[in-house]
Amino acid sequence: MEEKGTVSRNFIEQIIDKDLEEGKYETICTRFPPEPNGYLHIGHAKSILLNYGLAKKYGGKFNLRFDDTNPTKEKTEFVDSILADVKWLGADFEDRLYFASNYFDQMYEAAVKLIKKGKAFVCDLTADEIREYRGTLTEPGKESPYRNRSVEENLELFENMKNGMYEDGTKVLRAKIDMASPNINMRDPVIYRVAHMTHHNTGDKWCIYPMYDFAHPIEDAIEGVTHSICTLEFEDHRPLYDWVVREVGYEHPPKQIEFAKLYLTNVVTGKRYIKKLVEQGIVDGWDDPRLVTIAALKRRGFTPESIQMFVDLCGISKSQSSVDYAMLEYCIREDLKLKRPRMMAVLDPVKLIIDNYPADQIEYLDVEMNLENPELGMRKVPFGRELYIDREDFMENPPKKYFRLFPGNEVRLMGAYFVKCVSFEKDETGKVTEIHCTYDPETKCGSGFTGRKVKGTIHWVAAKTAVHAQVRLYENIIDEEKGVYNEDGSLNLNPNSLTVLDDCLLEPALADAKAYDSFQFVRQGYFCVDAKDSKEGALVFNRIVSLKSSFKLPKAEG
């Protein structure tokens, strides 16, 4: 009898399996609950794909819900960007798009219910006084002098709060739990505050807003979320989460489960830091390709598949750890290497003239799209007497083991012929302006020529048909040697994080490239058409990633 292979489950899946076996839930419902106060980043991608993946795996539902309970920082721009990011990642929430603000009436009624049960009270202490009364990790807190107000008085005061009768900060509604609790979150936490602010969704209907710890469990319960999966910093808040759903009286309370955040080395994810970079013009927006917002990764040329691969490699754990950015780069290389054509692009051009090639002839050569994936087929590449090659592929006085072009040396032009350098010209500054060669017509690629071999192969672009483009080379926006932050909390920025090359020449097949199209440029890396600045006739390419890395996947144990 054959043994069945064991299926590896992460700890969240093990909890869900147990809940289903015990009949706690019939179907699974997860959610991603972003606050629309900035753009999402790579860490959020892990949460999105985790929650969506679990719903899909168990045949359940996945909701997208905006936790928009704090109008001071929230904007419609951020709502729109988050919607676009979630859809781009492929997390299908179908018709289940929700806003916490749509539940404000139910949250208000829940608060009234707690007051009637003697489980909430209106408090007049200031924010500083509440903090002072709260106690410390080693000392219990003190009860508010307003804690024992009657139910009737609390109901009246809370309604007055709702009706705009008090100024911001003068009154709050607090849960009445236990000021001596070892968990500070349970020491009569604030659940509503006065805030006379216009909300992006509800306008001026409300001047009181629920606190996140009160609103979130209610939102989950209303939507029928079964497993509320969040990051580890909410572990200490779980008792309050459970208290709210229990005291408000939901029949099928959701279960909160915490997992470790995704930390990437040497990147900026903090919204206030990104906001500052945007406002100071250091980056050109929240989607600047040097950032790791999802919008920035998309613009740079990362794919949803590469991010899914990255999240899968990171795994799900309770232990906090950091992941090297090189692993994210590894994933995009792995995703693109067999999918994208290898094209010729000359980023720092110098003219090469083949003296013995017919002056007016243009010849179309057959070149493979991708050597590792023959299924992508062939393309026609124009070849002529005048070409451009990369400046680094020629040296007047080369060191040993330099196998590219130098006086007297012969190399293969990729997909074309052998050429031999016979002379070169310089300008008055000593810069090489033209390289003169001769070619051997017998050595055409694919002709079966076996007469002799050369050690170097270089790429090229025909001068007459070359397409002009701007190419942007990105490095980490952080100075990796110094770390992310200075002692004063400011960012350690890399002054060389962006290099703009304006006079790049590409083979003509790239002339029709559209936004987000990506290619491998021979020997240079993977590049993507910039969706923001690229225009017809004025192409802009972003380097997604270089071709090689020292990163290696750790070997599997066993």
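This briefing walks through selected helices, strands and single residues of the structure above. The model is a predicted one. Two pairs of packed helices come first, followed by one helix with a buried side, two residues in strands, and two residues with positive phi.

**Helices that pack against each other**

- Helix α7, which covers residues 212–223, packs against helix α8, which covers residues 238–248, at an angle of about 55°, and their axes lie 9 Å apart.
- That angle makes α7 oblique to α8, and the crossing in which α7 passes α8 is right-handed.
- On the α7 side, the residues that meet α8 are Asp-213, Phe-214, His-216, Pro-217, Ile-218, Asp-220 and Ala-221, while α8 contributes Leu-240, Tyr-241, Val-244 and Val-245.
- In another pair, the axes of helix α2 (residues 42–57) and helix α11 (residues 304–314) come within 10 Å and cross at roughly 80°.
- Because angles from 65 to 115 degrees count as roughly perpendicular, α2 and α11 are described as roughly perpendicular to each other.
- Where α2 and α11 meet, Ile-42, Ala-45, Lys-46 and Leu-49 come from α2, and Ile-307, Gln-308, Phe-310 and Val-311 come from α11.

**A helix with a buried side**

- Which residues of helix α9 (residues 271–279) are buried? They include Tyr-273, Ile-274 and Leu-277, and these three cover an arc of only 95° around the axis, which puts them on the same side of α9.
- An α-helix has 3.6 residues a turn, so residues three or four places apart point the same way.
- The exposed residues Arg-272 and Glu-279 are carried by the face of α9 that is turned away from its buried side.
- After α9 comes Gly-281, a residue whose phi is positive, near 75°.

**Two buried residues in strands**

- Phe-62 has its place in strand β2, residues 61–66, and with a relative accessible area of 1% this residue is buried.
- Although Phe-62 and Arg-31 are 31 residues apart in sequence, they are 5.3 Å apart in space, taken from C-alpha to C-alpha.
- Leaving aside neighbours within four places in sequence, the contacts of Phe-62 include Thr-30, Arg-31 and Phe-32, as well as Ile-48, Tyr-52, Val-86 and Phe-93.
- Glu-363 is found in strand β15, residues 363–368; this residue counts as buried because its relative accessibility is 12%, and the cut-off for buried is under 20%.
- What does the side chain of Glu-363 make polar contacts with? One partner is the side chain of Tyr-417, at 2.6 Å, and another is the side chain of Lys-444, at 3.1 Å.
- Once neighbours within four places in sequence are left aside, Glu-363 is in contact with Tyr-357, Val-381, Pro-382 and Phe-383, in addition to Tyr-417 and Lys-444.

**Positive phi outside glycine**

- Asn-266 has a positive phi of about 55°, although this residue is not a glycine, and its location is the loop between β10 (263–264) and α9.
- Tyr-516, which is not a glycine either, has a positive phi of about 75°, and this residue lies in the loop between β24 (498–506) and β25 (518–521).
- Is Tyr-516 buried or exposed? With a relative accessible area of 38%, Tyr-516 is partly exposed.

Note on methods:
Residues are numbered from 1 along each chain as its sequence is written. This is a predicted model: local features need pLDDT of at least 70, side-chain atom pairs count only at pLDDT 80 or more; totals for chains, interfaces and linings use all residues. Side-chain values use heavy atoms; hydrogens and water are left out. Buried means under 20% relative accessible area, exposed over 50%, partly exposed in between (1.4 Å probe, protein chains only). Helices (H or I, at least four residues) and strands (E, at least two) are DSSP runs, numbered from the N terminus. The arc is that of the directions from the helix axis to the C-beta atoms. A polar contact is a pair of N or O atoms within 3.5 Å; within protein, one must be able to donate a hydrogen and the other to accept it, and residues adjacent in sequence count only if both atoms are side-chain atoms. Contact means heavy atoms within 4.5 Å. Axes are lines fitted to C-alpha atoms, for helices over the stretch in contact, and angles run from 0 to 180 degrees between N-to-C directions. Angles under 35 degrees count as roughly parallel, over 145 as roughly antiparallel, 65 to 115 as roughly perpendicular and the rest as oblique. A crossing is left-handed if the near helix is turned anticlockwise from the far one by less than a right angle, and right-handed if clockwise.
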